[in-house]
Amino acid sequence: MTEMLKLQTKYFGEVEYEQKDLIRFPIGMIGFEEEQEFLLLPFEGSGGGMLCLQSVKTPALAFVVLDPFALKPDYEPELEQAELKQFGVEEAGELGFYVLCAVKKPVSASTVNLKCPLVIHPETREARQVIMERYEMRHPLAEFSRGEGAAPC
């Protein structure tokens, strides 16, 4: 029988999860190296395009992440061979990508970081944050058209 664990979250109150639900960052994220286990929780009504990356270690720490392809269909993340090897895959298309959204007031002032996406292996649930030289860190959310699937942070 699988043990259900409970976590008080920043945006969803108390949630139940199993160990298999965890997203693991072996070396943490940039600036948050000590944070290595997270849950990826969808915001209601976002169609899966806007999620919360909730720290398991620090309940007050949660990031809003977006599907970069819903925002920018021509987004083309490229990983180095060494990065692909770390994930045990042949090509980037085998992995999931999410970008961080810095939510500001007003929401129209929010920015999206296309330069440092979170990359998640869908089967092993191992994740890393990588740096894409060809993109910028602060893209105004307002620059993305309200195309199908685009979700505000």
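# A walk through the model, starting at Cys116

Start by selecting Cys116, which you'll find in strand E8. Keep in mind as you go that this is a predicted model. Cys116 is buried, with a relative accessible area of 7%. Now show what Cys116 touches: leaving out residues up to four places away in sequence, you should pick up Ile30, Gln129, Val130 and Ile131. For a sense of scale, add Ala92 and draw a C-alpha to C-alpha distance from Cys116: the two are 15 Å apart in space and 24 residues apart in sequence.

**Next stop: the largest pocket**

Stay with E8, since strand E8 (111–120) also takes part in lining the largest pocket. What is the volume of that pocket? It comes to about 240 Å³. Select Leu100, Asn113, Gln129, Met137 and Arg138, which lie nearest the pocket's centre among its 14 lining residues. You've already met Gln129, as one of the residues that Cys116 touches.

Which elements give two or more residues to this lining? Colour strand E7 (96–102) and strand E8 (111–120), and you have them. E8 gives the most, with four residues. If you colour the lining by residue type, you'll get ten nonpolar residues, three polar and one charged.

**Along E8 to a salt bridge**

Now select Lys115, also in strand E8, together with Glu133, in the loop between E9 and E10. Lys115 and Glu133 form a salt bridge, with the closest N and O atoms 3.6 Å apart. This pair links distant parts of the chain, 18 residues apart. Are its two ends buried or exposed? Lys115 counts as buried, at 17% relative accessibility and so under the 20% cut-off. Glu133 counts as exposed, at 64%.

While you have salt bridges on display, pick Lys6, Glu14 and Glu16: salt bridges that share partners join them into one network. Across the model, the count comes to nine salt bridges.

**Further along the loop: Arg134**

Go to Arg134 and bring up Glu78 with it. These two form a salt bridge, and their closest N and O atoms are 3.1 Å apart. Arg134 lies in the loop between strand E9 (127–129) and strand E10 (139–140), while Glu78 lies in the loop between helix H1 (68–71) and helix H2 (81–87), so the pair ties together parts that are 56 residues apart in sequence. Arg134 is partly exposed, with a relative accessible area of 47%. Glu78, at 53%, is exposed.

Then slide over to Lys72 and Asp74 for another salt bridge, again with the closest N and O atoms 3.1 Å apart. Lys72 counts as partly exposed at 23% relative accessibility. Asp74 is partly exposed too, with a relative accessible area of 47%.

**Switch to the rings**

Time to show the aromatic side chains. How many aromatic pairs turn up in the whole structure? A search finds eight.

Begin with Phe69 and Phe97, an edge-to-face pair: the centres are 6.4 Å apart and the planes stand at 90°. Phe69 lies in helix H1 and Phe97 in strand E7, so the pair ties together parts that are 28 residues apart in sequence. Turn on a surface and compare the two rings. Phe69 counts as partly exposed, at 34% relative accessibility, whereas Phe97 is buried, at 6%.

Move on to Tyr75 and Tyr135. Theirs is a tilted pair, 4.7 Å centre to centre with 45° between the planes. Where do the two rings sit? Tyr75 is in the loop between H1 and H2, and Tyr135 is in the loop between E9 and E10, so this pair links distant parts of the chain, 60 residues apart. Those are the loops you visited for Glu78 and Arg134. With the surface still on, check the accessibility of each ring: Tyr75 is buried, with a relative accessible area of 3%, and Tyr135 also counts as buried, at 6%.

**Last selection**

Finish with Phe25, Phe32, Phe38 and Phe63. Show their side chains together and you're looking at one aromatic cluster.

Definitions and conventions. Residues are numbered from 1 along each chain as its sequence is written. This is a predicted model: local features need pLDDT of at least 70, side-chain atom pairs count only at pLDDT 80 or more; totals for chains, interfaces and linings use all residues. Side-chain values use heavy atoms; hydrogens and water are left out. On a 1 Å grid over the protein atoms alone, a cavity is a set of points where a 1.4 Å probe fits but cannot get out, and a pocket is an open set with protein on both sides within 12 Å along at least five of seven lines; lining residues have an atom within 4 Å of a point. Grid points are joined across faces, edges and corners, and a volume is the space filled by probe spheres set on the points. Ala, Val, Leu, Ile, Met, Phe, Trp, Tyr, Cys and Pro count as nonpolar, Asp, Glu, Lys and Arg as charged, and the others, Gly among them, as polar. A salt bridge is a side-chain nitrogen of Lys or Arg within 4 Å of a carboxyl oxygen of Asp or Glu. Buried means under 20% relative accessible area, exposed over 50%, partly exposed in between (1.4 Å probe, protein chains only). Contact means heavy atoms within 4.5 Å. Rings of Phe, Tyr and Trp (its six-membered ring) pair if their centres lie within 6.5 Å; planes under 30 degrees apart count as stacked, over 60 as edge-to-face and the rest as tilted.
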